[in-house]
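Reader: I should be grateful for a close look at a single helix of this model, followed by a connected account of the contacts found elsewhere in the structure.

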Amino acid sequence: MRHFTMSSAARRPSRLFRNFSAKIASVPMILTALVVFVGGTLWTVLYSFTNSRLLPRLNFVGLDQYERLWATPRWLVSIENLAIYGILSLIFSLVIGFVLAALLDQKIRFEDTLRTIFLYPFALSFVVTGVVWQWLLNPDFGVQAVVRSLGWESFAFDPLYNSSIVIYGVLIAALWQGTGFVMCLMLAGLRGIDEDIWKAARVDGIPAWRTYLFIVLPMMRPVLVTTLVIIAAGIVKVYDLVVAQTSGGPGIASEVPAKYVYDYMFFAQNLGQGFAASTMMLLSVAIVIVPWAYLEFGRRR
Amino acid sequence: MATPQTLEQFQQKCAAVLRPGLRKNKELERFRVSVKNGNALAADGPRGPKPRHAFSKRNIFIYGTLFVVAVYYLLPLYVMVVTSLKGMPEIRLGNIFSPPMEITFEPWVKAWATACTGLNCDGLSRGFWNSVRITVPSVILSIAIASVNGYALANWRFKGSELFFTILIVGAFIPYQVMLYPIVIILREIGLYGSLSGLVVVHSIFGMPILTLLFRNYFASLPEELFKAARVDGAGFWSIYLRIMVPMSVPIFVVAVILQITGIWNDFLFGVVYTRPDTYPMTVQLNNIVNSVQGVKEYNVNMAATLLTGLVPLIVYFISGKLFVRGIAAGAVKG
Amino acid sequence: MSATANPSVSIQDLTLNFGIVPVLQSLDLDIAEGEFIVLLGPSGCGKSTLLNCIAGLLDISDGRIFIKGKNVTWEEPKDRGIGMVFQSYALYPQMSVEKNLSFGLKVAGTPKAEIDKRIARAAEILQIEQLLQRKPAALSGGQRQRVAIGRALVRDVDVFLFDEPLSNLDAKLRSELRVEIKRLHQRLANTMIYVTHDQIEAMTLADRIAVMRGGVIQQLDEPQAIYNRPVNRFVAGFIGSPGMNFIEGGLEESGGDWRFGSGDLKVPLSTYVFDQQPVAGPAVFGMRPEHIGLNSGSGWPFSAKVTVDVVEPMGSDTLVWVRLGAQSLSVRVPSERAPKTGSQVEIGFDPMRASLFGEDGNRL
């Protein structure tokens, strides 16, 4: 009864015209939901079973596109990269974000200044982030060159030119851009904890780190879960950062699925491959989201 | 127990010892109480505010860690600024952290006016104005649509409205790549493919889930009785929205504007898919300048271009301050 | 249309379901012209829901609603000839008091001169003339509620609906505004429907009270009748503070006379007026604390010697808890006559003032 409901008109002459303005106003939302989100998704999934190349054609070839996809080294590298990048950025952004939030939560001075500093990269685009870190990690001028010029001649840190560690170079940039945001969410969560919990822990003589780990963290479950979902959804979409920082190189060492889709759809003129790859992306998101949605919303009903 | 007489003596003695004028009464009072309780000795123990050590181990650890992290976060910005103010010879010789020996604004001028992006060589200025022409209408349109949606969902629910809303929220998690091509087809059908208007429509569509959620939650948090009172007063859907709801919701509109300006300005994917080279937004142009394969790499121009591209969201961020934080936190935590 | 000859508001067979949950069940209610009726009940009893249905803010599932003889079942709230006052005042925060009062009239396209006239009158009645240019945030709770009443007043309507208007105010302001609402009713003589969970408000304001529970009107009657002759155990327990004493036991006949028995306790019922033919069986005996005499001489049809258990001073009165056999009874006495805990006292009462309820909870 929290919301005012206008439904279930008993014996009104016409149901359609009840609440007519609200329905008219909702047309953009309804169109977006049905045509773009549902329609677009179904369309892409459907055409992923065709051999469309330059133009979409309904010429079904079964699972051919998927077989070809999983036989393409570039796709396999993309998936591997996404897995490494995804798992590490989840862990690091959660841990760093929480530690920073806990440090800021100590009633310290300059809290606003520090928060502003930690969060400003989040206001920047991935393209800007990628370009900056491309420059910082440039082996001839960047961090490696500076450390070498200080006398440590054998120092090597050139992730963007080394196939085996290039994805970590992308990860560093991504963490720089995003951890401030995670910190903000965590800080909001920490501030939402009842002050009395802290008083009780203090009276009981529980050390602060234990209180954080065993009392506060479990209480922040909703915030943690939301943060997790937001980070996870962002990971699958990662595209512009890679394009700007490495263009997928060296070679194909830092390719990601989103880039694979774009390149096959708009450059290689192989729409079928692009559709199949994007359907796989959808599937991977569903694997993350569906259990979460079930846990969050399914149980309440 | 001290007799009244001795207590009187104690007090006099005490008053003589006490530093003049310093919380005399309070301390006397406390003393009197402790004497009455029969443990006059306790008066020798700790008293007054507990001393704090500014340089405790704990503080050194906290501030030390925060300082190091802050340096890590600020370094890229610093490097961007100093690099953009150096000439190329100095960059080739020196290290990226050293401040410029000779400050030059030439890279900035070049980045803005003459840097080459593929075919044309008129710098980032073209991209800047494109981005403005994309961002302004997109922000207005997306917020207008989403706020009305949120209002309808909070106050005028009709059969099926919750279903559409659920689809919308689920849709926010669908990778954009899945919907890229269908939207190309839709835009081509309505004749907007490649135009700025087309991109405005795309931004309004993809901004809808989070903004609708933001507005729905906000409107639902307003007292329902206000809405009822307005209905008894005879106001309808639009007049309640315009005359009651909007004036009450200025903060959430500000939050939405901040969210949208930064989000749309920073977009790369939609810009590159749905516009043509002459209508590319700034981010796409920046990428093309920096990652173009032809010619010599001019790192100072690149950094100036990067700063120029990041300037608008940074200004919005620094001006809005806490509202920005509140916006992203509210939008995310509630979702 | 039955009970009242020419009802101002008439509700016929009203049913409301939220999904499959029935909230109001085929409810009938006729309210006379100029009557002050209070819908009283615990939270969740459907009283506010009923009011929202009358206002047209909720669509009903079945039944009809008449206001001034006109079927308004499908009318919009604004077309029903009602004004409404809300618990949270519901003043539009960005508008001044004057704009708040005029908003509805402007929407309806009332001429400016007429709007000014009505606002002046409402402001005069409610003594808020000096507040007209202020924003709601600059008003106290009591002032805000006056403005909210004013907003209903300017609509110049036949029926006023009040949805717990005083619940957000502190005790002192509440009693002040209560008197003012009563004065307003006497002056305007409009039909007023007033929802509250506060029985004092109900008793003091109402011409008739409708006590509700579970979406059903339990009893609709004048305040004194509801207080003295509750139709069932729920009404008996809900009305009155401190609450009525209940003794579980049985009805028995001995030599042609009926009496109530609970263990060793036997109460003769020769003075009790039965609503229905008594039958022997389980029953509950109810007696209000203020209807029991303490050390107040002889002459009671029933009296007993008891021990004082607990004494609760409440200011002017004192509540004395005594043990009568296995039962605990509360007795309300003037404070100056309160006994000491543990002392022996004599209590007495007249079963004429009692309420007897059968197994189904209905009055016997």
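Author: The part chosen is helix 13 of chain A, in which Pro257(A), Ala258(A), Lys259(A), Tyr260(A), Val261(A), Tyr262(A), Asp263(A), Tyr264(A) and Met265(A) are buried. The helix spans residues 257–266, and nine of its ten residues are buried, so it is largely enclosed by the rest of the structure. Buried here means under 20% relative accessible area. The model is a predicted one, and every value below is computed from it.

Another helix of chain A offers a view of the surface. Val27(A), Leu31(A), Leu34(A), Val35(A), Val38(A) and Leu42(A), together with Ile186(B) and Ile190(B), make up a nonpolar surface patch with about 640 Å² of accessible area together. Helix 2 of chain A, residues 27–47, supplies the largest share of this patch, namely six residues. Leu31(A) has its place in helix 2 of chain A, and with a relative accessibility of 47% this leucine counts as partly exposed.

Helix 2 of chain A also takes part in an aromatic contact. Over all chains, a search of the whole structure finds 55 aromatic pairs. In one of them, Trp43(A) and Tyr181(B) are stacked, with 6.1 Å from centre to centre and 15 degrees between the planes. Trp43(A) belongs to helix 2 of chain A, whereas Tyr181(B) belongs to helix 8 of chain B (residues 176–189), so the pair joins two chains. Tyr181(B) is buried, its relative accessible area being 5%.

A further pair lies within chain B. The ring centres of Tyr151(B) and Tyr241(B) are 5.3 Å apart and the ring planes stand at 45 degrees, so this pair is tilted. Tyr151(B) is in helix 6 of chain B (residues 125–155) and Tyr241(B) in helix 11 of chain B (residues 237–248); the pair therefore ties together parts that are 90 residues apart in sequence. Both Tyr151(B) and Tyr241(B) are buried. These two tyrosines also belong to a cluster linked by ring pairs, which contains Tyr151(B), Trp156(B), Phe215(B), Tyr218(B), Phe219(B), Phe227(B), Phe237(B), Trp238(B), Tyr241(B) and Phe253(B).

Aromatic rings meet charged groups as well. The ring of Tyr176(B) has the charged end of Lys237(A) over it, at 4.3 Å from the ring centre. Over the face of Tyr193(B) lies Arg188(B), at 5.4 Å from the centre of the ring.

Charged side chains also pair with one another. The structure holds 32 salt bridges over all chains. In chain B, Arg157(B) and Glu162(B) form one of them, with the closest N and O atoms 3.7 Å apart. Arg157(B) counts as partly exposed at 22% relative accessibility, and Glu162(B) is partly exposed with a relative accessible area of 28%.

In chain C, the side chains of Arg259(C) and Glu252(C) meet in a salt bridge at 3.2 Å, N to O. Arg259(C) counts as partly exposed at 28% relative accessibility, and Glu252(C) is partly exposed with a relative accessible area of 25%. Another salt bridge joins Arg323(C) to Asp309(C), whose closest N and O atoms are 3.5 Å apart. This pair links distant parts of the chain, with Arg323(C) in strand 17 of chain C (residues 317–324) and Asp309(C) in strand 16 of chain C (residues 302–313), 14 residues apart. Arg323(C) is partly exposed with a relative accessible area of 40%, and Asp309(C) is partly exposed at 34%. In chain A, salt bridges that share partners join Asp105(A), Glu111(A), Asp112(A), Arg115(A) and Arg191(A) into one network.

The account closes with a sheet in chain C. Four strands form an open sheet in the order 2-1-4-5, and their pairing is antiparallel. Strand 2 (21–32) and strand 5 (70–71) of chain C stand at the edges with a single partner strand each, so one side of each has no neighbour in the sheet. Strands of a sheet pair through backbone hydrogen bonds, in either the parallel or the antiparallel sense. Strand 4 of chain C, residues 62–67, pairs with strand 5 of chain C in the antiparallel sense over two bridges. Asn71(C), in strand 5 of chain C, is the bridge partner of Phe66(C).

Definitions and conventions
Residues are numbered from 1 along each chain as its sequence is written. Chains are lettered from A and ligands numbered from 1 in the order in which they are written. This is a predicted model: local features need pLDDT of at least 70, side-chain atom pairs count only at pLDDT 80 or more; totals for chains, interfaces and linings use all residues. Side-chain values use heavy atoms; hydrogens and water are left out. Patches are made of residues with over 30% relative accessible area and no salt bridge: like charges are joined within 9 Å, nonpolar side chains (Val, Leu, Ile, Met, Phe, Trp, Tyr) within 5 Å. Accessible areas come from the Shrake-Rupley method with a 1.4 Å probe; for residues, only the protein chains shown count as cover. A salt bridge is a side-chain nitrogen of Lys or Arg within 4 Å of a carboxyl oxygen of Asp or Glu. Buried means under 20% relative accessible area, exposed over 50%, partly exposed in between (1.4 Å probe, protein chains only). Rings of Phe, Tyr and Trp (its six-membered ring) pair if their centres lie within 6.5 Å; planes under 30 degrees apart count as stacked, over 60 as edge-to-face and the rest as tilted. A charge sits over a ring if NZ of Lys or CZ of Arg is within 6 Å of the ring centre and within 35 degrees of the ring normal. Two strands pair if DSSP finds at least two bridges between them.
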